[in-house]
Structures are given as C-alpha cells and as structure tokens.
Amino acid sequence: MPLALDVAIEVAKLNGVCIRPIEMRRQDTVTGREETFDIPCGATQEAKCPPCAKRNRYLRMAQCREGWHLEAEPVTEPDPATEDQRWLIEFRADVQAKRDAAERDGMSEEVADWDAAIQAIDAEINQAGMRGTVLGGRTAPKRSRSTRRRQDAPDLPRRAMRNTTLGRAFTGADGKVYRPSMFITLTLPSYGRIRSGQGVPVDPASYDYRRAARDALHFSKLVDRFVQNLRRVAGYDVQYFATVEPQKRLAPHLHMAIRGTLPRAEVRAIVAATYHQVWWPAADEVRFEGEHLPVWTPRAELPDNGTYPDGQAGDYLDPDTGEVLPTWDEALDRLDQDEVAEPLHVIRFGDQIDVQGVLAGTPDADQCIRYLSKYLTKSLGDTLDTDDPARRGHAARLVEALHYEPCSPSCPNWLRYGVQPKGAKPGMTPGRCRGKAHKPEHLGYAGRRVLVSRKWSNKTLAEHKADRRTWVLNALGLAGDPAETDPHRYVWKPVSTKDPTRTPLAKRLLRGVANRRRTRLRLLELEARAEGRPIGELLTHQEAA
C-alpha cells in the first residue's frame, strides 16, 4: 500500500506544483492583513523538483524563441537616471573622498569604517535600480601577455564592424523577406579511441584523462574566444543562445543558436582558428603530497593601512627548508619574465562540427529549440549513476584526474605544485577544493549551463517570467487589480523552520494542488466562454492530453 504523503507528492508533480515550496509570510501594508504563501523553490534540476525544472525549461524555450529571429534591433538604451539615483552617487562621492583622506593620513580604523559605509551605500545604489558598482568590476590592473597568434593557428579575416545585431536578410521571388539563422554544435577533440555507442575508451590506459580534465575546466573560456572570433569575422554584434551538455564520453559540448548566418566554410575556419591558452604556473611536477604538505605561518608585520597588498595574512612554507613558497602574483611574474615559457594548457575544439541553417517559424526551428532545452533539467553528472561498470570506471577515472587539477587561481591544489593560491588562507589542503568544478556531478565544468548574449531577446529572464505572470493575470481578469500588480504593497518574510506555526509540508502540497486546479478550471471556463463551447469538451480534451 502506498504512503498517502508519497501519493500527495506524485499528485503535486502531475499538477505542476512545487514539491519543495518555501513558506513565506506576507503582510499587506494597506490593510495590515498577514497571510502565508508558498513560493516555488525554483530548482532547475529534475532530480530536485520536477515541476520547477519543467517550468524553467519552458521559460528558457520562450527566451530562445523570442530572440532567435528578431526583425528589429533590440532597445539597449538605459532609462535616464532619477533624482534619487543622482543624489546617491553624489553621496557616494563624498564618502569616497573622506575614505581616501583617512587612508592618506594613515588612520586604518577610520578606513575600515568608511569601507563598511561604502559597502552599505553600494547596496542602496543597486536597490535604487542601478546595475553594477561605481568603481566597476576590476580594481587591480589586468595582466596582459602578447596577443600574437600561435603559429599553428590559421589567421582569420576581419571585417569592419556594423552597429547591428541582425544578420543578412534575403528577399524571395515572391517578395517575402527571409532572415535565416544558424544552429551550431561544437565538440572537444578526441582523447583516445571510444567504443561506438557506449562512450567508454577502448584502452583506458592510453586515454588522455589529464587533457580531458583540463579541457573541461577551461571549456567556458574557449566558448568566449569562439564568440569573439565569430563577431570579428561576421562584422556585426552576433547574438546567441547556447547550452552546454555532456557527451556520452563525459566531455562537454556546445549547442548554439545564432542570429544571422555565415558561410559554412567560414564557420569551420573560425572553429579551427579558435583556441585558448592558460597562462598559469606549471602544474606537472608534484612537490608536496600525503603528509608532506606546506605549513602556514602568519606574517609578522602589518602595513600601516591594516591590509596586505595581496590580501594574505600569512604564507605557506616548505616544511623541510622553511622556504616561503611563491605567491600567486610572484609565480605569474616569473612566468612573464621567462621568454621561452609555454602555457600550462592550450584548449581547442575538435573536428566534429555541425552547422545547420534555420528559418523562423519552421518545424526545424521548433525542433532545434526543443533540442537546446532537452537536457537543461538534467545534471551534468546524471550519467554517473549507471549500472554499466565500464561507464562507472570511466567516470571514476575522470573524477580522479580532476581531483588534484587546479581549477582557478585560488584553488588549494596549487600547494601540491609548490605555489601559494591567490589569496591563500590557513587550512588549505590539496585535494580538498570546494570549487564547483571538483564536484563529481559537474564533471569539471564550472560554467553556466545556459549562455545568452545581452541583446538576444531584449529581455532578462525575470522579464520573461513576468510576461508569463502577466498573461495569467490578463486571462483571469486580474491585470488591473492593485492587490496583484503593485510590487510595493506587500512585505515578505520567510517562515523559520523552527517556527511552531509553520505549516506542515503535506498541508502545503494539498493547498498548492487545490489552488492550481482552481486556477486551471477558471482558465478553462474563460476559454470555453470565448470559443462558445461547453466546458465539458475542454475538460475531456485536457484529460486526453
């Protein structure tokens, strides 16, 4: 006999109700009334919450569809600054001047107080409707190396940039205008022979797991380089919607919808000429492992301003010689001074490239959109949980290759190779990095699963979500109700898990199912009334669907 709670969870899934709702308490600032509401968890993985993952997938499909074949340039001009926003920036300038004066006078305690005040003001700036920070995202000077292309990479043509995001338009014999676009699939190169249809190496001993691990770690950078080269060759601001998925062999690959078209030969040339060089210190010789690990020692002297230039309060020392290991900046300085130095890793795409032309409103376009979102509800590591011992062994070897591979400048694994991580702190141990890339379920890829250019659909994902909510409100006739449309009317607070008045999960699931069924029935009634049909016909159709 099934448990009643399990059946309730199954019914919630069938009705599209979140099975992990977050209970919130809402207070109406007009009437003073207080109610509890369930907010969907918003999970994107089907293993956590299938209804929320499905809703997110449909949202991404709508985002892809609306931006793929635009016929007019998206509006990118920001709204003019308000008087309150300008006042906040003036206030921020006064505080910054006082902070700089305190730093010049060597008053470290006041500097810390002013920094805390600046942090609070920056938060208010974002709440007032301004993006980013006044100082920008980069405070330290950027390191730059020679931009000369590698000798083993072909040169690419470079066209003059046009201020447009739309591709070429073609007029047919009937006078109809067509704006074709592209669907591209890119993969990584081979690391050894693979058994056809199984995704496991023929000879695991000769399979290059180290290269596979490093390619997965830096795959997102390679995608960035591809987009840069694509825009230089195309001569316009190419917009894209892309998803990253694992192949059967567990290597990430890219599906990309691109607005506009280029000749297939040019796309293949761009792929062949795209690479990314990782200019990091050498990580091939193991210096410390097991119990023989660097020792943390605090620094004796503190600068007058109260902070160290590199942000470290100590250093890691060789346990045998007492030698201070080079910091991250020192290691990069040595790399810059070495004229014959080679990059730690060079990543390129493989030879398998698929380029398709797509027209708006065709079955091919719909099929590509479904394919782009097909695996968004799945985790990259879903293929790890399998009954095939060969696949389990292949995944285990890849995870082992990632275990001690540095994933970022701040990765503790650098201590294994005799370099202090950037911003080193006490307690760092090689092999215990908490970075996303080292978790088995991510297979070394720490980037975003969905990559969308800024001028794709002229909307943010939150605006697409708001469009769906507006459609429901319009359908229910609630679009003009201030109780549903005024965002400043309510004050929301989460209900603590220790709150004795907290509603049990089972009751919240039942409440959610009842609300969803009531809303769906109301929509069917309105649809039947608009079409002049009995509601029974629509109910029968819904049940059949």
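This passage describes the overall make-up of a predicted model, its two sheets, one helix pair and one buried residue.

Residues are numbered from 1 along each chain as its sequence is written, and side-chain values use heavy atoms, with hydrogens and water left out. In this predicted model, local features need pLDDT of at least 70 and side-chain atom pairs count only at pLDDT 80 or more, whereas totals for chains, interfaces and linings use all residues.

The protein chain holds 14 helices and 14 strands; both are DSSP runs numbered from the N terminus, helices being H or I of at least four residues and strands E of at least two. Its C-alpha atoms fill a box of roughly 85 × 60 × 60 Å along the principal axes. Of the 545 residues, 38% are buried (buried means under 20% relative accessible area, exposed over 50%, partly exposed in between, with a 1.4 Å probe and protein chains only). Among contacts with a separation of 6 or more, 71% join residues 24 or more positions apart, a contact being heavy atoms within 4.5 Å.

An open sheet of 5 strands has the order β12-β5-β7-β6-β13, with antiparallel pairing; two strands pair if DSSP finds at least two bridges between them. Its edge strands, β12 (353-358) and β13 (450-452), each pair on one side only. The twist from one strand to the next averages 15°. Helix α6 (residues 219-234) packs on this sheet and touches β5 (181-186), β6, β7 (252-258) and β13; the direction of α6 makes about 30° with that of β7. Such angles run from 0 to 180 degrees between N-to-C directions, and axes are lines fitted to C-alpha atoms, for helices over the stretch in contact. Strand β6 (residues 240-246) pairs with β13 in the antiparallel sense over 3 bridges, and F241 stands opposite V452 in β13.

Both F241 and V452 are also touched by Q63, a residue of helix α2. Q63 counts as buried because its relative accessibility is 4%. Residues up to four places away in sequence aside, Q63 also touches W456, S457, K459, L461 and H464.

Helix α2 (residues 50-68) further packs against helix α9 (residues 363-372) at an angle of about 140°, the axes lying 9 Å apart. The two helices are therefore oblique to each other (angles under 35 degrees count as roughly parallel, over 145 as roughly antiparallel, 65 to 115 as roughly perpendicular and the rest as oblique). R57, M61, C64, R65 and W68 of α2 meet A365, D366, C368, I369, R370 and L372 of α9 in this contact. By class, the contact has 7 nonpolar, no polar and 4 charged residues; Ala, Val, Leu, Ile, Met, Phe, Trp, Tyr, Cys and Pro count as nonpolar, Asp, Glu, Lys and Arg as charged, and the others, Gly among them, as polar.

A second open sheet has 3 strands in the order β2-β1-β14, again with antiparallel pairing. At the edges stand β2 (34-39) and β14 (490-494), each with a single partner strand, so one side of each has no neighbour in the sheet. Neighbouring strands are turned by 30° against each other on average, direction ignored. Strand β1 (residues 22-28) pairs with β2 over 6 bridges in the antiparallel sense. In this pairing, E23 has D38 of β2 as its bridge partner, and M24 stands opposite F37 in β2. The two strands form a hairpin with 5 residues between them, and G32 in the turn has a positive phi of about 80°.
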